[in-house]
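Student: I am new to this structure. Can we walk through it with short questions and answers?
Tutor: Gladly. Have a look at it before we begin.

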Amino acid sequence: DNLGQVWTWGINYNGQLGDGTTTPHYVPKLVKNSDGSTFTGAISIAAGADQMAALKSDGTVGAWGGGASGALGNGSIMDHYHPVQVLTGAGLGLTSVAQVVSGGSDFSLALKTDGTVWGWGANGSGQLGLGDTINRLYAKNIASGMDKIAAGAYHSLAHSSNLGHVYGWGYNGYGQLGNPAAAVNQLTPIQMVETDGNVGITDLAAG
């Protein structure tokens, strides 16, 4: 809302509604901080399978809900029923974030104002683009030179600020990454093949 408060409803098995409980809500309720105060300052939100994330006006990211595979980016695999800050290491907050998205398999991505892409959480299909399939409990730098990001169930996409190319990584079992020469999962970013019909791309989405 206009105060940067976040309202949630629906299933709440892992605390993904952020009110301190695991009780489902049939009407919207406010996300709360661990001290009982209302969570404020949010300018955008993202929802994954069991977790949610909110980009705050100060460029930090708060996350709550299921912590499996490090999905909350705070160094833990524990569920959190209130927002916790996404970190790049012990005590080191992820800052200067411009966009945050969450995927369907317990991972999230953040785009910083300097064009770098960061990711955390589940990585079984290489959806974090770090060259392996190891889950990450903290946010890690994946790529640079990007201006938009998107997260699917097990794959990730990023739009380059230079010439508008699209890069993808992670699960590719159905050609999600748009590169027929690499029809297997990709553990690092690979450029989408461009044809006459899709040059000059300006936006992207992942399902």
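Tutor: Start with a definition. Rings of Phe, Tyr and Trp pair if their centres lie within 6.5 Å. Planes over 60 degrees apart count as edge-to-face. Keep in mind that this is a predicted model.

Student: How many aromatic pairs does a search of the whole structure find?
Tutor: The ring rule asks for centres within 6.5 Å. With that rule, a search of the whole structure gives this number of aromatic pairs: three.

Student: What kind of aromatic pair do phenylalanine 39 and tryptophan 64 form?
Tutor: The ring centres of phenylalanine 39 and tryptophan 64 are 5.7 Å apart. Their planes meet at 65 degrees. Over 60 degrees is the cut-off, so this pair is edge-to-face.

Student: How many residues apart in sequence are the parts that this pair ties together?
Tutor: Phenylalanine 39 sits in the loop between β2 (25-30) and β3 (42-47). Tryptophan 64 belongs to strand β5 (residues 61-65). The pair therefore ties together parts separated in sequence by 25 residues.

Student: Is tryptophan 64 buried or exposed?
Tutor: Buried means under 20% relative accessible area. Its ring partner, phenylalanine 39, has 3% and counts as buried. Tryptophan 64 has 0%, so it too counts as buried.

Student: Which residues do ring pairs link into a cluster?
Tutor: Look for tyrosines here. Ring pairs join three residues into this cluster: Tyr154, Tyr171 and Tyr174.

Student: What is the order of the strands in the open sheet of four?
Tutor: The pairing in this sheet is antiparallel. β3 and β6 each have a single partner strand, so they stand at the edges. The twist averages 20 degrees from one strand to the next. The order is β3-β4-β5-β6.

Student: Which residue in β6 is the bridge partner of glycine 62?
Tutor: β5 and β6 run antiparallel, and three bridges join them. In β6, glycine 62 has as its bridge partner glutamine 85.

Student: How far apart are the closest N and O atoms of aspartate 132 and arginine 136?
Tutor: A salt bridge needs a nitrogen and an oxygen within 4 Å. The count of salt bridges is two. Aspartate 132 and arginine 136 form one, and both residues are buried. Their closest N and O atoms are separated by 2.9 Å.

Student: How many residues apart are aspartate 203 and lysine 148?
Tutor: These two form a salt bridge, with closest N and O atoms 3.9 Å apart. Aspartate 203 lies in the segment after β16 (186-191), and lysine 148 in strand β13 (residues 146-151). The pair links distant parts of the chain, and the separation is 55 residues.

Student: Is aspartate 203 buried or exposed?
Tutor: Exposed means over 50% relative accessible area. Lysine 148, at 28%, counts as partly exposed. Aspartate 203 has 51%, so aspartate 203 is exposed.

Student: Which backbone nitrogen does the side chain of serine 76 reach?
Tutor: Serine 76 is in the loop between β5 and β6 (80-85). At 16% relative accessibility, serine 76 counts as buried. Beyond its sequence neighbours within four places, serine 76 is in contact with Gly67, Gly70 and Leu137. At 2.8 Å, its side chain reaches the backbone nitrogen of methionine 78.

Student: How far apart in space are valine 166 and glycine 178?
Tutor: Valine 166 is in strand β15 (residues 166-170), and at 5% relative accessibility it counts as buried. Residues that valine 166 touches include Ile190, Met192 and Leu204. Glycine 178 is twelve residues from valine 166 in sequence. C-alpha to C-alpha, the two are apart by 9.1 Å.

Notes
Residues numbered from 1 in each chain as written. Predicted model: local features only at pLDDT ≥ 70, side-chain atom pairs only at ≥ 80, totals over all residues. Heavy atoms only, no water. Phe/Tyr/Trp six-rings, centres within 6.5 Å; stacked < 30°, edge-to-face > 60°. Helix = DSSP H or I, 4+ residues; strand = E, 2+ residues; numbered from the N terminus. Buried < 20%, exposed > 50% of the residue type's maximum accessible area, 1.4 Å probe, protein only. Salt bridge = Lys/Arg side-chain N within 4 Å of Asp/Glu carboxyl O. Contact = heavy atoms within 4.5 Å. Polar contact = N/O pair within 3.5 Å; in protein donor to acceptor, adjacent residues only side chain to side chain. Pairing = 2+ DSSP bridges. Axes fitted to C-alpha atoms, helices over the stretch in contact; angles between N-to-C directions.
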